[in-house]
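Work through the exercises below with the sequence and the model side by side. Each task is followed by a solution in steps.

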Amino acid sequence: MRAAMTRIRFKGAAVAAASVAMAVVLTACGGDGGSEDSEGKTNEPSTSSDSRESEAPGPEAEDENQVLSTIKGKDGVEVIVSSAERESGGFVTVKGRVKNGSEQIWAAAGWQGLEQELVNNGASMAGATLVDQAGKKRYLILRDTDGRCLCTKFEAVQPDGEAPFFAQFPAPPQATTEVDFQIPTMPTATIKISG
């Protein structure tokens with residue numbers, strides 16, 4: 001009886017070992033040529049950076065030639081809006097550039113608005129808004145889960161220098177094609193939404 005039980009245990013262990021070996025072979029042979037990690041994600045070189053700044057869209061070369069609006073502020077600061085595009089994710093991205101025509105370094109003073117996340121948004125345009133006059137609704141800049149605005153954080157712009165900017169807002173209804181773009185300390189500009 002003991003010998004029979006030992007043979008049954010031995011056969012069970014052999015079947016288990018063969019199953020594990022077969023699973024390893026099948027895993028090693030499968031796939032589409034790329035290696036996969038334990039979660040099934042393909043390990044290929046990533047073209048995106050871990051930096052938050054690089055994840056955010058910047059002005060593209062083709063957009064820079066367009067001018068939807070020019071906003072002239074005090075002390076020679078000028079905002080050139082080159083595009084306001086409706087994106088498929090339900091938001092609008094406004095892009096352009098800021099020119100510092102003053103004789104001193106410019107750092108977006110007052111543009112961050114009156115918010116509590118000033119530490120996260122510092123020298124940014126976090127206080128900008130879009131206003132849908134027809135729909136009587138104001139859209140604030142989108143924030144990530146840490147309260148950082150989905151907008152440009154400016155470095156100090158030297159006299160006669162310029163810097164690109166972007167800002168993302170919730171999209172107004174599809175029928176709304178024009179909105180007022182407002183930046184604290186600057187005059188309001190009406191811009192056309194494309195897309």
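**Exercise 1. Register of a strand pair**

Task: Find the bridge partners in strand 8 of Glu 178 and of Asp 180, then describe how the two strands are joined.

Solution. The model is a predicted one.
- Step 1. Glu 178 has Lys 192 as its bridge partner in strand 8.
- Step 2. Asp 180 is partnered by Thr 190, also in strand 8.
- Step 3. Strand 7 covers residues 178-182, and four bridges join it to strand 8 in an antiparallel arrangement.
- Step 4. The connection between strand 7 and strand 8 is a hairpin with six residues between them. In that turn, Thr 185 has a positive phi of about 75°.

**Exercise 2. The two faces of strand 8**

Task: Which side chains of strand 8 are buried, and how are they arranged along the strand?

Solution.
- Step 1. Strand 8 spans residues 189-192, and its side chains alternate between two faces.
- Step 2. Ala 189 and Ile 191 point to one face, and these two are buried.
- Step 3. Thr 190 and Lys 192 point to the other face and are not buried. These residues are the bridge partners of Asp 180 and Glu 178, respectively.

**Exercise 3. Two sheets**

Task: Give the strand order of each four-stranded sheet, and name the edge strands.

Solution.
- Step 1. One open sheet of four strands has the order 5-4-7-8, and its pairing is antiparallel.
- Step 2. Its edges are strand 5 (137-140) and strand 8, each of which pairs on one side only.
- Step 3. From one strand to the next, the twist in this sheet averages 35°.
- Step 4. Another open sheet of four strands is ordered 1-2-3-6, again with antiparallel pairing.
- Step 5. Strand 1 (69-72) and strand 6 (162-170) each have a single partner strand, so one side of each has no neighbour in the sheet.
- Step 6. Here the twist averages 25° from one strand to the next.
- Step 7. Within the 1-2-3-6 sheet, nine bridges join strand 2 (residues 77-86) to strand 3 (residues 91-100), and the two run antiparallel. Glu 78 has Lys 99 as its bridge partner in strand 3.

**Exercise 4. A glycine beside strand 3**

Task: Locate Gly 161 and list the residues it touches beyond four places in sequence.

Solution.
- Step 1. Gly 161 lies in the loop between strand 5 and strand 6.
- Step 2. Leaving out residues up to four places away, Gly 161 touches Val 98, Lys 99 and Asn 100.
- Step 3. Along the chain, Gly 161 and Lys 99 are 62 residues apart, yet their C-alpha atoms are separated by 6.0 Å.
- Step 4. Lys 99 is also the bridge partner of Glu 78.

**Exercise 5. An aromatic cluster**

Task: Which residues form one aromatic cluster with Trp 106, and what is the geometry of its ring pairs?

Solution.
- Step 1. The count of aromatic pairs comes to five. Among them is Trp 106 with Trp 111, an edge-to-face pair with 4.8 Å from centre to centre and 70° between the planes.
- Step 2. The cut-off for buried is under 20% relative accessible area. Trp 106, at 10%, is therefore buried, and so is Trp 111, at 1%.
- Step 3. The rings of Trp 106 and Phe 154 have centres 5.2 Å apart and planes at 70°, so this pair is edge-to-face.
- Step 4. This pair links distant parts of the chain, 48 residues apart. Trp 106 sits in the loop between strand 3 and helix 4 (118-121), and Phe 154 in the loop between strand 5 and strand 6.
- Step 5. Phe 154 is buried, as is Trp 106.
- Step 6. Trp 106, Trp 111 and Phe 154 together form one aromatic cluster.

**Exercise 6. The whole chain and its confidence**

Task: Summarise the make-up of the protein, and state where confidence is lowest and where it is highest.

Solution.
- Step 1. The protein has four helices and eight strands, in the order α-α-α-β-β-β-α-β-β-β-β-β from the N terminus.
- Step 2. Of its 195 residues, 32% count as buried.
- Step 3. Among contacts with a separation of 6 or more, 58% are between residues 24 or more positions apart.
- Step 4. The mean pLDDT is 75, and 63% of the residues reach 70 or more.
- Step 5. Confidence is lowest in helix 2 (residues 52-55), with a mean of 41, and highest in strand 7, at 97.
- Step 6. Over residues 13-62, pLDDT stays under 50; the model has 27 contacts beyond four places in sequence for this stretch.

Key: Residues are numbered from 1 along each chain as its sequence is written. This is a predicted model: local features need pLDDT of at least 70, side-chain atom pairs count only at pLDDT 80 or more; totals for chains, interfaces and linings use all residues. Side-chain values use heavy atoms; hydrogens and water are left out. Buried means under 20% relative accessible area, exposed over 50%, partly exposed in between (1.4 Å probe, protein chains only). Two strands pair if DSSP finds at least two bridges between them. Axes are lines fitted to C-alpha atoms, for helices over the stretch in contact, and angles run from 0 to 180 degrees between N-to-C directions. Rings of Phe, Tyr and Trp (its six-membered ring) pair if their centres lie within 6.5 Å; planes under 30 degrees apart count as stacked, over 60 as edge-to-face and the rest as tilted. pLDDT is the predictor's confidence in each residue, from 0 to 100. Contact means heavy atoms within 4.5 Å.
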